[in-house]
Amino acid sequence: MSYRYWSAVNLTLEPRLASRWIINISVLRTIISFPVPSDCFLLPNSQHTNPSPPPLNTVLSNCLPPVLNKTFLTKGLQSTSSLVQHCTALALTKGLSKLDRILLIFREIATKLEEEEENGQWLRRIHELEIEAEKRVPEFTVIVGMVQQKATGPANEGQTIKMALLSEAGLRLLWFYHKLFPRVVSGIKFDAGKLLLNAFNPSVNSTAGEEVLGTAEVASLQESSTGMDVLRQLHVLRLLKESDQFGWLNKFRQHPILFPQIKTKPSIF
Amino acid sequence: MLAIMTHRGVGICFKDRGWYPRETDSDGTGIGVDPEEDGVNQRGKFYNKILANVVKGLKVNEDPRQQELTFKILQACPELVSGYALYIFLFTSLPTP
């Protein structure tokens, strides 16, 4: 169980469509989701906060374990199997969500200890965590590619739900990237406004769908994907809140739904 | 099993220091332990060596009851999580025949 031993074992674990792999990544996801043990940040038998943060490797292993490295995650997110893509995206989402919680707790502790930028140990650990986490996650373009991928098979209920799930998971990851790795995002030309337009268009397009499906079937598909559409919109709005590259004024002047909303309630943007 | 393995300070579930390594200093405050020292001296030191071996033997991906026990042990002993997350992949993710 020692960290040293596991680090020395170097095995390649290909993401693949196998029941064992899917179970294992689900178990890993559950373990990553465990709450942060905030009690351990206090000194033993005391209510005072420990002036030293826990070791970097331990903290990272609890949110982005070494097995969830850049190669593994990139392969999973670019897999030909949608199920493998989705499982990998969920695992990465859990890891980034945990990292977000850890950074929040560490910042609170640094504030409580009145640490200074130059010599604060907790602040230094936060900085190190951000840098190391950046190295472990896939490139931003991989996530963008996942969000922008198109359905390949015939338009049916299964295909629609599959694409809606993948799109939702991808947008959630984009939001986390904007929140946690703003430097990575700012280095890449990315039109966040396009996402907004897509998110406020339903994932099932009735005019295109009616060519191959009946009206009733299109209505049924739209109903199935409505919940996911709401989530997608939520992720995009959160993402835009974090983004500094987004200019909405000209882009949405002609949009029948968005522009009136922006005009009447600019504060939500 | 749940009673003696999943409650901190009861049975064979010893209180650990969470994400901090087992303390080696004499005064027991943890002050003076170099947080940067992830190296040889800090690795492999657990309060819960017995439970570390128990979770390795549990079939987490085959039996729901063993899975539940594993999760409860790991939640009670945060010091074991970082090693275990890697372990399950290295030794149970082999291709299905």
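A crossing of two helices is left-handed if the near helix is turned anticlockwise from the far one by less than a right angle, and right-handed if clockwise. Keep that in mind for the exercises below, which explore a predicted model.

**Exercise 1. Describe the overall make-up of chain A and of chain B.**

Step 1. Start with chain A: its secondary structure comes to 13 helices and zero strands. Read from the N terminus, every element is therefore written as α, giving α-α-α-α-α-α-α-α-α-α-α-α-α.

Step 2. Turn to chain B, where there are four helices and zero strands. From the N terminus on, its elements run α-α-α-α.

Step 3. Look at burial. Chain A has 269 residues, of which 34% count as buried. In chain B, with 97 residues, 34% count as buried.

Step 4. Finish with the contacts whose separation is 6 or more. Residues 24 or more positions apart make up 75% of them in chain A, and 54% of them in chain B.

**Exercise 2. Work out how helices H5 and H6 of chain A are arranged, and which residues form their contact.**

Step 1. Two packed helices are described by the angle between their axes and the distance between the axes. Here H5(A) covers residues 82-112 and H6(A) covers residues 121-136; their axes come within 9 Å and cross at roughly 160 degrees.

Step 2. Name the arrangement. Angles over 145 degrees count as roughly antiparallel, so H5(A) is roughly antiparallel to H6(A).

Step 3. Apply the opening definition: H5(A) passes H6(A) in a left-handed crossing.

Step 4. Find the residues. From H5(A) come A:Leu99, A:Leu103, A:Phe106, A:Arg107, A:Ile109 and A:Ala110, and from H6(A) come A:Trp122, A:Leu123, A:Arg125, A:Ile126, A:Leu129 and A:Ala133.

Step 5. Sort them by class. The contact of H5(A) with H6(A) has ten nonpolar, no polar and two charged residues.

**Exercise 3. Do the same for helices H3 and H6 of chain A.**

Step 1. The axes of H3(A) and H6(A) are 11 Å apart, and the helices pack at an angle of about 50 degrees.

Step 2. That angle makes H3(A) and H6(A) oblique to each other.

Step 3. The crossing of H3(A) and H6(A) is right-handed.

Step 4. On the H3(A) side, A:Leu56, A:Val59 and A:Leu60 take part; they meet A:Arg125, A:Glu128, A:Leu129, A:Glu132 and A:Ala133 in H6(A). By class, this contact of H3(A) with H6(A) has five nonpolar, no polar and three charged residues.

**Exercise 4. Find the buried residues of H4 in chain A and of H2 in chain B, and say how they are placed around each helix.**

Step 1. An α-helix has 3.6 residues a turn, so residues three or four places apart point the same way.

Step 2. In H4(A), residues 70-77, the buried residues are A:Phe72, A:Leu73, A:Gly76 and A:Leu77. Viewed down the axis of H4(A), they fall within an arc of 120 degrees, so they line one face of the helix.

Step 3. Ask what covers them: H5 and H7 (140-148) of chain A are included in the cover over the buried residues of H4(A).

Step 4. In H2(B), residues 49-57, B:Leu51, B:Ala52 and B:Val55 are buried. Their arc around the axis is only 110 degrees, which puts them on the same side of H2(B).

Step 5. Now turn to the face of H2(B) away from its buried side: B:Asn53 and B:Gly57 are exposed there.

**Exercise 5. Place A:Leu43, A:Asn45 and A:Glu114 in their loops and say how exposed each is.**

Step 1. A:Leu43 sits in the loop between H2 (19-32) and H3 (56-63) of chain A. With 15 other C-beta atoms within 10 Å, A:Leu43 is partly exposed. Its C-alpha is 31 Å from that of A:Val67, and the two are 24 residues apart in sequence.

Step 2. A:Asn45 also belongs to the loop between H2 and H3 of chain A. Its phi is positive, about 55 degrees, although A:Asn45 is not a glycine. A:Asn45 has 7 other C-beta atoms within 10 Å, so it is exposed.

Step 3. A:Glu114 lies in the loop between H5 and H6 of chain A. Phi of A:Glu114 is near 55 degrees, a positive value in a residue other than glycine. With 7 other C-beta atoms within 10 Å, A:Glu114 is exposed.

Definitions and conventions:
Residues numbered from 1 in each chain as written. Chains lettered and ligands numbered in written order. Predicted model: local features only at pLDDT ≥ 70, side-chain atom pairs only at ≥ 80, totals over all residues. Axes fitted to C-alpha atoms, helices over the stretch in contact; angles between N-to-C directions. Helix = DSSP H or I, 4+ residues; strand = E, 2+ residues; numbered from the N terminus. Parallel < 35°, antiparallel > 145°, perpendicular 65-115°, else oblique. Contact = placed C-beta atoms within 7 Å. Nonpolar A, V, L, I, M, F, W, Y, C, P; charged D, E, K, R; others polar. Buried ≥ 20, exposed ≤ 12 C-beta atoms within 10 Å, placed from the backbone. Arc of directions from axis to C-beta.
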